[in-house]
2 protein chains.
Amino acid sequence: MKFICTQSNLKKAIFYTERIVSRQTTLPILNNILINAGKGGVKLSATNLEMGVDTKIGAKVEKEGKITVPVRLLSSFINNLPAGENTQLELINQSLKIKSGSVKAVIKGVSADDFPLIPKKSEEYQIILKNSQLKEIIDKILVSVAINEARPELTGINFILNEEEIILASTDSFRLTEIKIKLEKGNIQKEAYRSLKNKKSNVIIPATTITELNRIITSQEDGEVKITIEESQIFFEINGTTIVSRLINGKYPEYQHILPQQFKSRAVGSRDLILGSVKMASIFASGKTNEIIFKISSDAPKMIIEAKSAEVGENTSELKLDITGPAQEVVLNSRYILDGLNVINTSSVAILMNNEATPIALKEINEKNGEVLNNYIYIVMPIKN
Amino acid sequence: MKFICTQSNLKKAIFYTERIVSRQTTLPILNNILINAGKGGVKLSATNLEMGVDTKIGAKVEKEGKITVPVRLLSSFINNLPAGENTQLELINQSLKIKSGSVKAVIKGVSADDFPLIPKKSEEYQIILKNSQLKEIIDKILVSVAINEARPELTGINFILNEEEIILASTDSFRLTEIKIKLEKGNIQKEAYRSLKNKKSNVIIPATTITELNRIITSQEDGEVKITIEESQIFFEINGTTIVSRLINGKYPEYQHILPQQFKSRAVGSRDLILGSVKMASIFASGKTNEIIFKISSDAPKMIIEAKSAEVGENTSELKLDITGPAQEVVLNSRYILDGLNVINTSSVAILMNNEATPIALKEINEKNGEVLNNYIYIVMPIKN
């Protein structure tokens, strides 16, 4: 193996692959990255057996071959190489010899024969989404994923495809997020949809895979992601880089019946103002469930956020918001409300309530016409006393 | 107690005091901040018994009085208060009642009677240094302070005052920093110096105190620090805020004899280039002492930085630097070299050597005339094989 490429191309390719490499593993070769110089160019690959990443580097291949080397080591070295110089990588006696300007290094490698195979996709259809579309929803959908692995299906994101839209959902059973992406021409071809529908149109994607996808797309200006779903795995292709991940087995809970169809009371106002008030209240929130109270007053139209703790003290904020509907009083976990408000991207937010025993909802507000947007909903279960 | 001030003034005063409050303590009142409204205005105070901070707030006092409240709680609350509103603080039944716009809070307090006294200074003279002078040296002097408390005097910074200059030094016995600040008119008055000389002109200041001083001065645009040294404590006054700290007992080692008076060989070049090469070498550095080799070649004038590890591989960088003097080869701990290069502020650095058994030195280079600057020296002991 022998090839020449720029330090910046190499650095970018390592950035895309290195994070999924596990730090502690019973299989030491999984600490390594596979460098494969073939006829079609050079490819770097990494895997943690749950998820794999392949990425292409623009390079001039002089001799084909492959080797694996420790990724953290390679990454620290390449990141500190002076930029701008061409970098030559060569395999000599199971070691990777690197030359760049007046810098030389030899990194001991491990044979590529022992490196696990990263699955290739066998289907041809794709769902195409813009990076910008995904950037806007990923933080939102990750908020309510369960950390606890007692119910593995809740550690993933429910992905449902139908003829009009993609529906994403996540819940840890205390709060739930649902996001709808309307499919437009160009997102998916009709025949592809039919092909997909016959197989898998309701799957669970591990949250860790979505986090990794997010890291790669947020490092890129724009572009698009091509998604292909197969029997037990999902592929994301982003401009020369492919992430392949297993899907989570199991059936995602049918959450639709707990989503309120309508709300009696609504308070609309500045997201920053409400966020600041909830932060203050959270300091005085009591108990393990961080109890705070959301009150909507209907006579003097205002919202009141309150908290009281026997040890610490108490706090009340009165907010002049745009109120409709009857008075309400709901006890909530301040942490869940903060999580939701933190990922809202519009300057105004709608808080929607029915009564003290049913979920409250947060929705975004259209910046132009002030109307409630319905493509995103975040609901939080109340604390019942 | 009752007074009115702005949220921003209160926030700033809390910022100056809160960090020294210890998080775990056998004396719970030390988690609190003292709020004292007197005839002269409002003062916040905090102490961890080693170090205390007093700071004044611009406020309109309506009723004198004092109380202590948990500082983290107060800080989180005030930081989230909407800016711009006047904030009223009032003592009612051992609780602090805060009102700001439509936000109200009650924070349970503890009587100020149990709060430790923060020492007042009894001397009048001062050494005056500009914030900008201090900002430039603090990172440098902290680098070589000992972490290990086996020798308490090495966990501090040696401060020596003589008629011409202040000399600061720190060492953990593996490397040593010495910085000289030339005294100019305005830094200290003659009679003050004489008064000081008769008492304490060679003291040891805890590194933690200097870290705290740094935090306060880096939050300010410019200004000056007034320093007063007494028998067992030191005072720093910065624009309405006073830090008082104990001095470390003991005698600082007489390090002057290990500072080489001259160096035979010198390599001068880009600090960033050398830093990058040392970072690369450090990846391949071997053993617990992170061994790398600095070589100066005299025939082809260049510097070579090398490292080799049996497990990992090897690395060599050849640097075209400005070399004078005979060839050298010294084994060094890469971590210590990195620490030194990281705090160098000039674009070029001088590496100075005598032989493989004596310390090497780093110095800064005057940006204008390219000459070696002598007010700062960082020396690193070689590793002897």
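This report describes a predicted model with two chains, A and B.

## Basis of the model

Residues are numbered from 1 along each chain as its sequence is written, and chains are lettered from A and ligands numbered from 1 in the order in which they are written. Because the model is predicted, local features need pLDDT of at least 70 and side-chain atom pairs count only at pLDDT 80 or more, while totals for chains, interfaces and linings use all residues.

## Chain A as a whole

Chain A holds seven helices and 26 strands; these are DSSP runs numbered from the N terminus, helices being H or I with at least four residues and strands E with at least two. Along the principal axes, the C-alpha atoms of chain A fill a box of roughly 80 × 50 × 40 Å.

Of the 385 residues in chain A, 42% are buried. A residue is buried if 20 or more other C-beta atoms, placed from the backbone, lie within 10 Å of its own, exposed if 12 or fewer, and partly exposed in between. Among contacts in chain A with a separation of 6 or more, 67% are between residues 24 or more positions apart; a contact means that the C-beta atoms, placed from the backbone, lie within 7 Å.

## Helix 1 of chain A

Helix 1 covers residues 7–18 of chain A, and its end C-alpha atoms are 16 Å apart, in agreement with the 16 Å expected for twelve residues. The expected span is 1.5 Å times one less than the number of residues. The buried residues of this helix are Leu10(A), Ala13(A), Ile14(A), Tyr16(A) and Thr17(A). Seen down the axis of helix 1, they fall within an arc of 160 degrees, so they line one face of the helix; the arc is that of the directions from the helix axis to the C-beta atoms.

## Strand 11 of chain A

Five of the six residues of strand 11 (residues 156–161) of chain A are buried, so the strand is largely enclosed by the rest of the structure. Strand 11 runs antiparallel to strand 14 (residues 202–206) of chain A, joined by five bridges; strands count as paired if DSSP finds at least two bridges between them. In this pairing Phe159(A) stands opposite Val203(A).

Strand 11 also pairs in the antiparallel sense with strand 12 (residues 165–171) of chain A, over four bridges, and Ile160(A) has Ile167(A) as its bridge partner. Strands 11 and 12 of chain A form a hairpin with three residues between them.

## How the two chains meet

A turn of 180 degrees with a shift of 0.0 Å along the axis lays chain B on chain A with an RMSD of 0.0 Å. That is the relation of a two-fold axis. The superposition is by least squares on the C-alpha atoms of residues with pLDDT of at least 70 in both copies. Of the interface residues of chain B, 100% are also interface residues in chain A, so the copies meet through the same surface.

The contact takes 24 residues from chain A and 24 residues from chain B. On the side of chain B that touches chain A, helix 2 (71–80), strand 9 (103–108), helix 6 (271–283) and strand 21 (313–319) each supply at least two residues. Strand 21 of chain A pairs in the antiparallel sense with strand 9 of chain B over five bridges, and Glu314(A) has Val106(B) as its bridge partner.

Key
Two residues are in contact if their C-beta atoms, placed from the backbone, lie within 7 Å.
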